[in-house]
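Reader: I have a new structure open and no idea where to start. Can you walk me through it?
Author: Sure, ask away.

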Amino acid sequence: MIRLDKPLNILNVVGARPNFVKIAPLMREYRKHPDRISATLLHTGQHYDDEMSGIFFSQLQIPEQSIYLGVGSGSHANQTARIMMAFEEALLNNLPDLVVVVGDVNSTLACTLVAVKLNIRVAHVEAGLRSFDRTMPEEINRIVTDSLADFLFTSSIDANANLLREGIPESKIFFVGNTMIDSLLAAKPALDASKIKQRLSINGQAFGYVTLHRPSNVDDRKTLSGICDALYEIQKHVALVWPLHPRTRKMLETHGLLELLKSYENLRLTDPLSYFDSLSLIASSALVLTDSGGVQEETTVFGVPCLTLRKTTERPITVLEGTNEVIGSESYFIVEKTLSLLARKRKKAGIPKYWDGKTAERIVNILLEKLSRNSPPAMART
């Protein structure tokens, strides 16, 4: 058993921009239990510039990482391998009682594999999401991570069903809600202070918000060109704001489309935005065009219409209960759906169960209960 006279040693892994939003509420919740939890934050460095990670530490009030691996970018295999090698050394130096991973990025998969091979328990926050599209690298990361983790914390009831269908024991699955929404609700009071609309000269006018970064949309020139053509038609009717993910900017340049986009009179291209600025724009937009899973969730909570430019979504709850519609990436269909949406009233949306700002509290209470009873120490699990 883990000794009750010393705090639980929990190592929390972040690697990419969405991870910071998901881990922040947990780090805050751990601090409410200083005698029972010793929490360390490890940043793999999968996203390593200030726009993609650094500013999130300050805006989300996350303590600076205690451990930084600095792996940087690379192919999926290269990056995953380098994370595994660096993380193994960090684990052997720390030997936590539990490793907490979030989301579906390469850091999630890599750190889970290493921890399990060292017989260290793993908790996966945002478990059970499935797009059923194995061409998505994130889908592979989700499936493998969930098959290995000891604690599977789900954000929607359909995720529970996915895990049970894959043979995961029910005793490992905990429906707790969505830590991303914990962060969103905590940030709401700060959004009015954002000056991003003034900086972009869209204050007081209707606009649409665009985010794209999935390989299926930005790597193929024909697909990306078609999306750009759709945006050209849409910006004739409503202003558009598009913060460019570094990957997207690179592919626009590679395909010779960036200068074309800059010529669109009613399209504002920006660098990646801070968390507060991004939320401020989403909350006040007329609609959102995206391929991001997290944005689908944020629009649902804000009640903002969302068109997802993918064939599938791992977050069907945002369609069933929220404001999201999955429409694919065909140019004519994007234009048709967007103009139709602009012409009609907003879809009335509900808020999924447990998206109430208390998810981190539920997770920490479960961990304290489960890891204080009959729990073998690290390196001794069979």
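Reader: Which residues form one aromatic cluster?
Author: Phe151, Phe153 and Phe174 do. Rings of Phe, Tyr and Trp (its six-membered ring) pair if their centres lie within 6.5 Å; planes under 30 degrees apart count as stacked, over 60 as edge-to-face and the rest as tilted. Before going on: this is a predicted model, where local features need pLDDT of at least 70, side-chain atom pairs count only at pLDDT 80 or more, and totals for chains, interfaces and linings use all residues. Residues are numbered from 1 along each chain as its sequence is written, and side-chain values use heavy atoms, with hydrogens and water left out.

Reader: How many aromatic pairs does the structure hold?
Author: There are 7. In one of them, Tyr232 and Tyr264 sit 5.0 Å centre to centre with 55° between the planes, a tilted pair. Tyr232 lies in helix H10 and Tyr264 in the loop between helix H12 (258-262) and strand E10 (267-270), so the pair ties together parts that are 32 residues apart in sequence. Helices (H or I, at least four residues) and strands (E, at least two) are DSSP runs, numbered from the N terminus.

Reader: Is Tyr264 buried or exposed?
Author: Tyr264 is buried, with a relative accessible area of 6%. Buried means under 20% relative accessible area, exposed over 50%, and partly exposed in between (1.4 Å probe, protein chains only). Tyr232, at 35%, counts as partly exposed. Tyr232 also comes within 8.2 Å of Leu267, C-alpha to C-alpha, with their positions 35 residues apart in sequence.

Reader: What about the rest of H10, which residues are buried there?
Author: Thr223, Leu224, Ser225, Gly226, Ile227, Cys228, Ala230, Leu231 and Ile234. As for length, the 14 residues of H10 should span 20 Å at 1.5 Å a residue, and its end C-alpha atoms are 20 Å apart, which agrees. The expected span is 1.5 Å times one less than the number of residues.

Reader: You listed Cys228. How many disulfides are there?
Author: 0. A disulfide here is a pair of cysteine sulfur atoms within 2.5 Å. The closest cysteine sulfur to that of Cys228 is in Cys306, 19 Å away, too far for a bond. Cys228 is buried at 0% relative accessibility, and Cys306 is buried at 1%.

Reader: Switching to H13, how many of its residues are buried?
Author: 8 of the 10 residues of helix H13 (residues 275-284) are buried, so the helix is largely enclosed by the rest of the structure. Tyr275 and Phe276 are among them.

Reader: Where are the empty spaces? How many cavities of 30 Å³ or more does a search find?
Author: The search of the whole structure finds 1, with a volume of about 50 Å³. Strand E5 (121-127) and strand E6 (151-154) are the elements that give two or more residues to its lining. On a 1 Å grid over the protein atoms alone, a cavity is a set of points where a 1.4 Å probe fits but cannot get out, and a pocket is an open set with protein on both sides within 12 Å along at least five of seven lines; lining residues have an atom within 4 Å of a point. Grid points are joined across faces, edges and corners, and a volume is the space filled by probe spheres set on the points.

Reader: And what volume does the second largest pocket have?
Author: About 410 Å³. Its lining has 20 residues, with Ser216, Asn217, Arg310, Lys311 and Ser329 nearest the centre.
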